[in-house]
Each structure stands twice: as structure tokens, then as C-alpha cells.
Amino acid sequence: MANIITCVRILCGAALFFSPTFSGWFYLVYFIGGISDVLDGALARLLRQESERGAQLDTAADAVFWAAVLIKLVRAVYLPPWLIGWIVGIALVKGFNLAAGFVRNKRFVTEHTLLNKICGILLFVIPPFVGFSVGRLPWQPLALLILLTCAAASGAAIQESVYILTGKEVR
């Protein structure tokens, strides 16, 4: 059951590519994908259905969903080149982590650290905040949210690198 919910997130990521950014359809698919991210792991633990396959599926679903969200946002909102560089840098470190985790552990799984969870919450808040704030609020709150999210994502990516390279696992 949890893996089915995880697969819903993959479908939501794919559907986001065909949704006009910040439309009602975009937000519906976005919220379903976000809810599935919270529910799948909790349901797997509750039903004692945690598995290696489910963890790998969760990692793939996160990658598809968040890649779709980031691509849609970067194309819809002006970001200065230095910020795009920062985001690309974070993505490169996360890609390195996936590769290093696979080489070291023979599996693609991300670490579910507290920083990764904080980053996920911040990332989840950005699209609704952008959609609401454009033309209604000054740009500073959005800029602060994006900077906090990038800082959290940088810290999470570095922490994940350390955990993967030292062999420490987070539970």
C-alpha cells in the first residue's frame, strides 16, 4: 500500500510537467504529491511494511517530483544567476550523494536527516508562497524564504555527504 502511494508521487511529478505553473491543476497535483510524500513512509512504518525496495522507490519518487517542481519554478520565476548557480550546486552535491551511496551501499537511498526534512518543508512552502505573493507582497519575504531553503538544502546535502562517506546511517 505504501509503495502505491509513493508511485502516486512519481505520477504527480510527471503531471506537473504538463500543468501550467501556479494554476489550480498545478496546485492540486502538487498537494497530492506532497501529501503522498508524508503518508507513504508513515504508512509503511505503521503497517510494518518498510522495505529496501520501498526506500529506493521513495528516493526515486522524491527525485522525479522535486525535479519537476524545481524546473517549473525556475522557468516561471526570475532568479538571479548566482542563485541558479547555488541551486545547481546543491543538485550536483545531491547527485554525488546518490552515486556515492550506490557505490558504497549498492543502493540509491537518501538519508532522512532532520535537515533534509526541514528542507523538504521549506521547499513545499515555496510554490504556494510564490503563487500567492507575486504582485501582492514585496519580494523580500520570498527572497528570504528562498535563501533559507537554499541554506537548509546546502547543509542537508553536506550532512548527507558526510553520512554517506563515513558509513553512518540515519534512522
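In the predicted model, the second largest pocket is lined by Val-77, Tyr-78, Leu-79, Pro-80, Trp-82, Leu-83, Trp-139, Leu-142, Ala-143, Ile-146 and Leu-147. Two elements, helix 4 (81–105) and helix 6 (139–166), each contribute two or more residues to this lining, and helix 6 supplies the largest share, with five residues. The volume of the second largest pocket is about 250 Å³. In terms of residue class, its lining comprises 11 nonpolar residues, with no polar and no charged ones.

A nonpolar patch is also found on the surface, where Met-1, Ile-4, Val-8, Trp-25, Leu-28, Ile-32, Leu-46 and Leu-47 together make up an area of about 800 Å². The elements that provide two or more residues to this patch are helix 1 (2–17) and helix 2 (24–46), and the largest share, four residues, belongs to helix 2. One of the patch residues, Leu-46, is located in helix 2 and has a relative accessibility of 65%; Leu-46 is therefore classed as exposed, since this value is over the 50% cut-off.

Backbone geometry was examined next. Most residues other than glycine have a negative phi. Against this background, Phe-22, which is not a glycine, has a positive phi of about 70°. Phe-22 is placed in the loop between helix 1 and helix 2, and with a relative accessibility of 25% it counts as partly exposed, because that value falls between the limits of 20% for buried and 50% for exposed residues. A positive phi, near 55°, is likewise found at Arg-48, again a residue other than glycine. Arg-48 belongs to the loop between helix 2 and helix 3 (52–76), and its relative accessible area of 76% is over 50%, so that Arg-48 is assigned to the exposed class.

A further arginine, Arg-107, lies in the loop between helix 4 and helix 5 (114–133). With a relative accessible area of 15%, Arg-107 is under the 20% cut-off and is therefore counted as buried. The C-alpha atom of Arg-107 is separated by 7.3 Å from that of Gln-56, although the two residues are 51 residues apart along the chain. The two arginines described here thus fall into opposite classes, because Arg-48 is exposed whereas Arg-107, despite its position in a loop, is buried.

Methods: Residues are numbered from 1 along each chain as its sequence is written. This is a predicted model: local features need pLDDT of at least 70, side-chain atom pairs count only at pLDDT 80 or more; totals for chains, interfaces and linings use all residues. Side-chain values use heavy atoms; hydrogens and water are left out. On a 1 Å grid over the protein atoms alone, a cavity is a set of points where a 1.4 Å probe fits but cannot get out, and a pocket is an open set with protein on both sides within 12 Å along at least five of seven lines; lining residues have an atom within 4 Å of a point. Grid points are joined across faces, edges and corners, and a volume is the space filled by probe spheres set on the points. Ala, Val, Leu, Ile, Met, Phe, Trp, Tyr, Cys and Pro count as nonpolar, Asp, Glu, Lys and Arg as charged, and the others, Gly among them, as polar. Buried means under 20% relative accessible area, exposed over 50%, partly exposed in between (1.4 Å probe, protein chains only). Patches are made of residues with over 30% relative accessible area and no salt bridge: like charges are joined within 9 Å, nonpolar side chains (Val, Leu, Ile, Met, Phe, Trp, Tyr) within 5 Å. Accessible areas come from the Shrake-Rupley method with a 1.4 Å probe; for residues, only the protein chains shown count as cover. A salt bridge is a side-chain nitrogen of Lys or Arg within 4 Å of a carboxyl oxygen of Asp or Glu.
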